Amino acid sequence: MIAGSTQVLGVIGDPVAHTASPAMHNAAIAALGLDYAYVAFHVRPQGLPAAIDGMRALGLAGLNVTVPHKVAVMDLVDEVAEEARVIGAVNTVAPIDGRLVGYNTDAYGVMESLRVQGGLEAMPPRVALLGAGGAARAVLYGLLQRPEIEQVLLLNRTVERAEALARDLDPGGKRVVVGPLTGPVADVGLLINSTSIGMHPHEDASPLPAGTVLGPHTTVLDIVYKPLQTRLLRQAEKAGAPALNGLGMLAYQGARSFEIWTGVKPPVEVMMQGILGGAA
Ligand code: NAP
């Protein structure tokens, strides 16, 4: 029930009507019986400063920030957490002691999905990461926090973009090796697709070059979540390799935002069901 005491959470984006976040968060709110409601706000770029002022004035309990505002919002909050600063994007804003603090929960989301769903308590020494866009920045940040990873092969269509990302996150050039998408990935223990290849409506495409042979010892995570079963994941399953879709990353990054806002760890399974039943 929405009452006078109900606290408001939300997501700002442009466009935003397609988002699964309200379904995901409201499912957790209902399961926990908390006095919150989560809504989507369509905010155009020119309206972003007013929206953040509005968050302060209305006393919103928290916001998710999605495309195209994740970078611009960094200048509008009072403080940016270290992780979000290094990743270069904020996806969560929370009022903390009267100040708006920007966080990035994507790195947590991907690493928690790998740990819980992929069973990877320890990471393999060699990992391949495909892509060098916004999502890849967060994934690479998460991977580089793990000392047991000796080398990340960062492969992207535009190699210069991967080089720039590697310079940013691995300035000494010690652990990240850059190459084109055709680079060899046969002997890595974990392969993560963070390109948009395979995403709806190009569901027949795979980021791996034709003829690539995956081994059964390579865990494959495709962070694309629309569709949930991509061509890459079908290739992994055919090779007998553990295959994970992007639903877990989406749910765990949402769970971390939820915990920042409410102080309560939400039921992630319920959030996943919310996404699947909502407008994912
Ligand atoms: P982005 O910043 O636009 O980056 C897109 C990436 O895909 C770049 O590396 C780009 O390579 C590559 N790419 C796109 N089309 C390509 C093509 N035809 N051939 C080769 N490479 C291509 O996008 P993003 O925000 O990083 O998102 C990437 C994907 O991750 C999307 O599918 C998104 O839905 C998904 N995602 C999932 C989650 C989750 O929680 N599961 C979170 C965030 C994003 P170039 O640099 O060469 O252009």
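The largest pocket is lined by 50 residues. Val 67, Lys 70, Ala 135, Met 199 and Tyr 225 lie nearest its centre. The model is predicted. The ligand takes up the space of this largest pocket. Two cis peptide bonds, one ending at Pro 201 and one ending at Pro 227, are also covered below.

**The largest pocket**

- The volume of the largest pocket is about 1,600 Å³.
- Four elements give two or more residues each to its lining: helix H1 (21–32), strand S3 (62–65), H5 and H8.
- H5 gives the most to this lining, with 4 residues.
- By class, the lining of the largest pocket holds 24 nonpolar, 20 polar and 6 charged residues.

**The shell around the ligand**

- There are 21 residues around the ligand.
- Ala 135, Asn 156, Thr 158, Arg 161 and Ile 223 come nearest to the ligand.
- Ala 135 is thus named twice: among the residues nearest the ligand, and among those nearest the pocket centre.
- By class, the shell has 10 nonpolar, 9 polar and 2 charged residues.

**Polar contacts and burial**

- Arg 161 reaches the ligand through its side chain: one of its N or O atoms is 2.8 Å from a ligand oxygen atom.
- Ala 132 uses its backbone instead, with an N or O atom 3.0 Å from an oxygen atom of the ligand.
- Gly 246 also contributes through the backbone, where a polar atom lies 3.0 Å from a nitrogen atom of the ligand.
- Taken alone, the ligand exposes 920 Å², and the protein buries 74% of that.
- Helix H5 (134–144) and helix H8 (247–262) are the elements that give two or more residues to the ligand shell.
- H5 and H8 also appear among the elements that give two or more residues to the pocket lining.

**Cis peptide bonds**

- The peptide bond from His 200 to Pro 201 is cis, and its omega is near 5°.
- Pro 201 sits in the loop between strand S10 (190–193) and strand S11 (219–222).
- A cis peptide bond also runs from Lys 226 to Pro 227, with omega near 10°.
- Pro 227 lies in the loop between S11 and helix H7 (231–238).
- Strand S11 therefore borders both loops: the one that holds Pro 201 and the one that holds Pro 227.

**A positive phi angle**

- Asp 97 is not a glycine, yet its phi is positive, at about 50°.
- Asp 97 is placed in the loop between strand S5 (92–96) and strand S6 (99–103).

Note on methods
Residues are numbered from 1 along each chain as its sequence is written. This is a predicted model: local features need pLDDT of at least 70, side-chain atom pairs count only at pLDDT 80 or more; totals for chains, interfaces and linings use all residues. Side-chain values use heavy atoms; hydrogens and water are left out. A residue is near a molecule or strand if one of its heavy atoms lies within 4 Å of it. A polar contact is a pair of N or O atoms within 3.5 Å; within protein, one must be able to donate a hydrogen and the other to accept it, and residues adjacent in sequence count only if both atoms are side-chain atoms. Accessible areas come from the Shrake-Rupley method with a 1.4 Å probe; for residues, only the protein chains shown count as cover. On a 1 Å grid over the protein atoms alone, a cavity is a set of points where a 1.4 Å probe fits but cannot get out, and a pocket is an open set with protein on both sides within 12 Å along at least five of seven lines; lining residues have an atom within 4 Å of a point. A molecule sits in a cavity or pocket if more than half of its atoms lie within 2 Å of its grid points. Ala, Val, Leu, Ile, Met, Phe, Trp, Tyr, Cys and Pro count as nonpolar, Asp, Glu, Lys and Arg as charged, and the others, Gly among them, as polar. Grid points are joined across faces, edges and corners, and a volume is the space filled by probe spheres set on the points.
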